Amino acid sequence: MNAPSQEPIVELKDLNVSYRSGNEIVTAVREADLTIARGEIVAIVGESGSGKSTLANTLIGLLANNARVEAASIRIDGEDVSGAGESLWRTLRGRVVGLIPQDPTVSLNPTMRIGRQIGEAVERARGPQGRRLDAEVVELLEQVGIDRPLLRARQYPHELSGGMRQRVLIAIAMAGRPKLIIADEPTSALDVTVQRRILDHLEQLVKSRGISMLIITHDLGVAAERADRILVMQAGRIVEQGRPAEILNQPVERYTRTLVAAAPAFKKVPTAKSSIAAPPASEILRFEAVSKVFDLPGETSWFGRRSRQPFQALDQVSFSVHAGQTLAIVGESGSGKTTSLRIALGLERPTSGHVLFEGQDVTRLSWNEFRPLRQRIQLVQQNPFASLDPRYTVFESIVEPLQSFGIRQSTQLQARARQLADQVRLPRLALNRLPRELSGGQRQRVAIARALALGPELLFLDEPVSALDVSIQAQILDLLGELQRELGVSYVLVSHDLSVVSAIAHHIVVLRSGQVVEQGPADKVFGAPEAAYTRELIEAIPGRRLA
């Protein structure tokens, strides 16, 4: 029997990729060398704009039309694709190289059933399958760990959870039985426990079949835990590479050391001896046995629509927020985090129970009655690009709340805008720019400045750093800590990322299926969790086992 070939699945030498924008040429990748052995898992980490996605798209022939590629050699599965046209790439996509995109909401067709979308991928890669196609689709759904595959094949994307939709993308990538899988931020939007299950299953699939995998991620924890080798990219260059232990424990480059230091997963979890200081303080917000039931539309049958079905989103939830401190509400999707936030903001009314703000019962206030409290309670949303009006300058976005509450004098608005820009460490020159002209971190600083404009006592932070690179995350978390110490503002942090929670929270509430399964000081919850579900959440933090 012949020995297996040791030729690498990917061999790339001296790659340069640039984009032409008008008369300007922007270089995205510089002098990159990359080799991926058969069966090897390689991760590329770096901030936005470092060239990660450009490098990955080069390997699957999906660069934009304005891209220019210069390389001494690009070989995939022994094929020289340096100057390949679309016809050659079509023979490679799916069969040799499969892609798992980042966002299943965008990547899946909302008008097509799941089974048909997977079936199309199978036939595109392997040709017509005839009657065998349905069995192939069901087999792929089973392989990626989806329960009741016959039912799921008939459903549409919106009828599946985020984790299931991500598994569908994995099934589509596996449809052509490729030799290399490119996973582009495959779990960045998922809860930690779902993320772990997806990555465990993907890793098992890859290793059992001897497939190579290239993971593109900004999460150093995911890279260190899953990859055989890590490449660090900065400004288009591969500045360092090595085994995970080498990168984490003996980084050579200053940039790599910055990434490792900024990763929340590698920071020490609070313990009884190292908890975040939380001096005694007065209570600012209280939930007393709050429950919320939604009436969902009944299913349609041959005999008409059935009666509405109740859904218990919150069940007897109680907790307190204290002045100058941070309460974190954690749990998986569907646990009741967002419903709790909406009730606290007066956007939903509880079915039963009471919400008190500084001792005042605000449970049944009308919209107009609640309005004065909005000067004291504000929200920082998850995606700053979506929450800021793209037509407004930064100045207009920041002062809009002031104008809404009657402050109209230009001199007052100008002075307050400059003060807020300084507080959130935003250059004053940025006040005249539009959101699209700012980086993700700068946009989040604008969102924080806008929320602080009215001098609130309580800020709700809805996944405030989930869309940001790890080093930018660290900057924003540090900023939030500084603002809390300077202004005495209280935070309610809603997050699925426990590594972020461990860096900022004084007190933690763990929700599951609308119920509080555990709550207490951060050091107690992280250092000695009582509930099995809490232990499962902590153990699922990417990279925690390597910290």
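**Close-up 1. Arginine side chains over aromatic rings in the predicted model.** R371 is placed over the face of F405, at 4.4 Å from the ring centre. In a similar way, R374 lies over the face of W367, at 4.4 Å from the ring centre.

**Close-up 2. The aromatic pair of F287 and F319.** When the whole structure is searched, one aromatic pair is found. The ring centres of F287 and F319 are 4.5 Å apart and the ring planes stand at 20°, so the pair counts as stacked. Because F287 belongs to strand β12 (residues 283–296) and F319 to strand β15 (residues 309–322), the pair ties together parts that are 32 residues apart in sequence. Both F287 and F319 are buried.

**Close-up 3. An open sheet of six strands.** The strands follow the order β7-β8-β9-β3-β10-β11, and their pairing is mixed. The edges are formed by β7 (97–100) and β11 (237–242), each of which has a single partner strand, so one side of each is left without a neighbour in the sheet. On average, and with direction ignored, neighbouring strands of this sheet are turned by 20° against each other.

**Close-up 4. Strands β3 and β9, with helices on the sheet.** Strand β3 (residues 41–45) runs parallel to strand β9 (residues 212–217), and five bridges join the two; within this pairing, I44 stands opposite I216 in β9. Helix α11 (residues 254–262) packs on the sheet, where it touches β3, β10 (229–234) and β11, and its direction makes about 110° with that of β10. Helix α7 (residues 162–174), in turn, lies across β7 and β8 (180–184) and runs at about 170° to β7.

Terms used
Residues are numbered from 1 along each chain as its sequence is written. This is a predicted model: local features need pLDDT of at least 70, side-chain atom pairs count only at pLDDT 80 or more; totals for chains, interfaces and linings use all residues. Side-chain values use heavy atoms; hydrogens and water are left out. Two strands pair if DSSP finds at least two bridges between them. Helices (H or I, at least four residues) and strands (E, at least two) are DSSP runs, numbered from the N terminus. Axes are lines fitted to C-alpha atoms, for helices over the stretch in contact, and angles run from 0 to 180 degrees between N-to-C directions. Contact means heavy atoms within 4.5 Å. Rings of Phe, Tyr and Trp (its six-membered ring) pair if their centres lie within 6.5 Å; planes under 30 degrees apart count as stacked, over 60 as edge-to-face and the rest as tilted. Buried means under 20% relative accessible area, exposed over 50%, partly exposed in between (1.4 Å probe, protein chains only). A charge sits over a ring if NZ of Lys or CZ of Arg is within 6 Å of the ring centre and within 35 degrees of the ring normal.
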